[in-house]
Amino acid sequence: MAYAGGGNNNYGGNQGGYGGNQGGQKQPEKVITHKWAYNLNYNTENQDNPFIQMSVFDDVTKENYRLQIFKNEYNNDPKFMGEQYTQLQKDLEACDMAINYVEHGPLEVTFKRKDG
């Protein structure tokens, strides 16, 4: 999951990370403003018009964004589309997701490989 405005790190707080709670200093409370996740599905309920759907959702605001790719974008070849879905799923699992969220604007979703 990608976090904006918060996250899990070991820098400060009572976690014993770098800095920690020294001299009784009170650490500022972290506020998580967004907690993003994604889901990828291959919908074949309608054999004449299957599609790949990616949903990106925010557990905090309950906002949900969807992108659908239909078979006509894969030369109307459902078999090729299924193969591409499988490859896309593998590729996304090897990535970290980053979100650029602008209130009342388009959502930018970026996937970057974890190994480079």
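pLDDT is the predictor's confidence in each residue, on a scale from 0 to 100. The structure above is a predicted model, and the exercises below work through it from overall confidence to single side chains.

**Exercise 1. Determine which element of the protein chain has the lowest mean pLDDT and which the highest, and where pLDDT stays under 50.**

Solution. Begin with the whole protein chain, whose mean pLDDT is 76, with 78% of its residues at 70 or more. Next, go through the elements: strand 1, residues 2-4, has the lowest mean pLDDT, 36, whereas strand 3, residues 51-58, has the highest, 92. Finally, look at residues 1-21, over which pLDDT stays under 50; for this stretch the model has 36 contacts beyond four places in sequence.

**Exercise 2. Work out the order of helices and strands along the protein chain, and state what share of its residues is buried.**

Solution. Count the elements to begin with: the secondary structure consists of one helix and six strands. Then read along the sequence, where the pattern is β-β-β-β-α-β-β. For burial, take the 116 residues of the protein chain, of which 24% are buried. The exposed area of the protein chain is about 8500 Å², and carbon and sulfur atoms supply 45% of it. As for contacts between residues at least 6 apart in sequence, 38% of them join residues at least 24 apart.

**Exercise 3. Identify the residues of the largest nonpolar core that touch the most other members, and find which element gives the most to this core.**

Solution. The largest nonpolar core has 14 residues, and those touching the most other members are Trp36, Leu40, Ile52, Val56 and Ile99. Two or more residues come from each of strand 2 (34-43), strand 3, helix 1 and strand 5 (95-100). Strand 3 gives the most to this core, namely four residues. As a general background, nonpolar side chains in soluble globular proteins tend to be buried together.

**Exercise 4. Describe the surroundings of glutamine 53 and of serine 55, and decide whether each is buried or exposed.**

Solution. Place the two residues before anything else: glutamine 53 is found in strand 3, and serine 55 also has its place in strand 3. To judge burial, apply the cut-off of under 20% relative accessible area. Glutamine 53 has 15% relative accessibility and therefore counts as buried, and serine 55, at 8%, counts as buried too. Turning to polar contacts, the side chains of glutamine 53 and serine 55 make one of 3.4 Å, while a polar contact of 2.6 Å joins the side chains of glutamine 53 and glutamine 68. Leaving aside neighbours within four places in sequence, glutamine 53 is in contact with Asn39, Leu40, Asn41, Arg66, Leu67 and Gln68. With residues up to four places away not counted, serine 55 touches Ala37, Tyr38, Asn39, Asn64, Tyr65 and Arg66.

**Exercise 5. Find the partners of the salt bridge, and establish how far apart they are in helix 1.**

Solution. The count comes to one salt bridge, in which the side chains of glutamate 83 and lysine 79 meet at 3.4 Å, N to O. Side chains of opposite charge can pair when their charged atoms come close. Both partners lie in helix 1 (residues 78-93), four residues apart, so about one helical turn separates them. Their accessibility completes the picture: glutamate 83, at 42% relative accessibility, counts as partly exposed, and lysine 79, at 61%, counts as exposed.

Notes
Residues are numbered from 1 along each chain as its sequence is written. This is a predicted model: local features need pLDDT of at least 70, side-chain atom pairs count only at pLDDT 80 or more; totals for chains, interfaces and linings use all residues. Side-chain values use heavy atoms; hydrogens and water are left out. Contact means heavy atoms within 4.5 Å. Buried means under 20% relative accessible area, exposed over 50%, partly exposed in between (1.4 Å probe, protein chains only). Accessible areas come from the Shrake-Rupley method with a 1.4 Å probe; for residues, only the protein chains shown count as cover. A salt bridge is a side-chain nitrogen of Lys or Arg within 4 Å of a carboxyl oxygen of Asp or Glu. A polar contact is a pair of N or O atoms within 3.5 Å; within protein, one must be able to donate a hydrogen and the other to accept it, and residues adjacent in sequence count only if both atoms are side-chain atoms. A nonpolar core is a set of buried Ala, Val, Leu, Ile, Met, Phe, Trp, Tyr and Cys residues joined through side-chain atoms within 4.5 Å.
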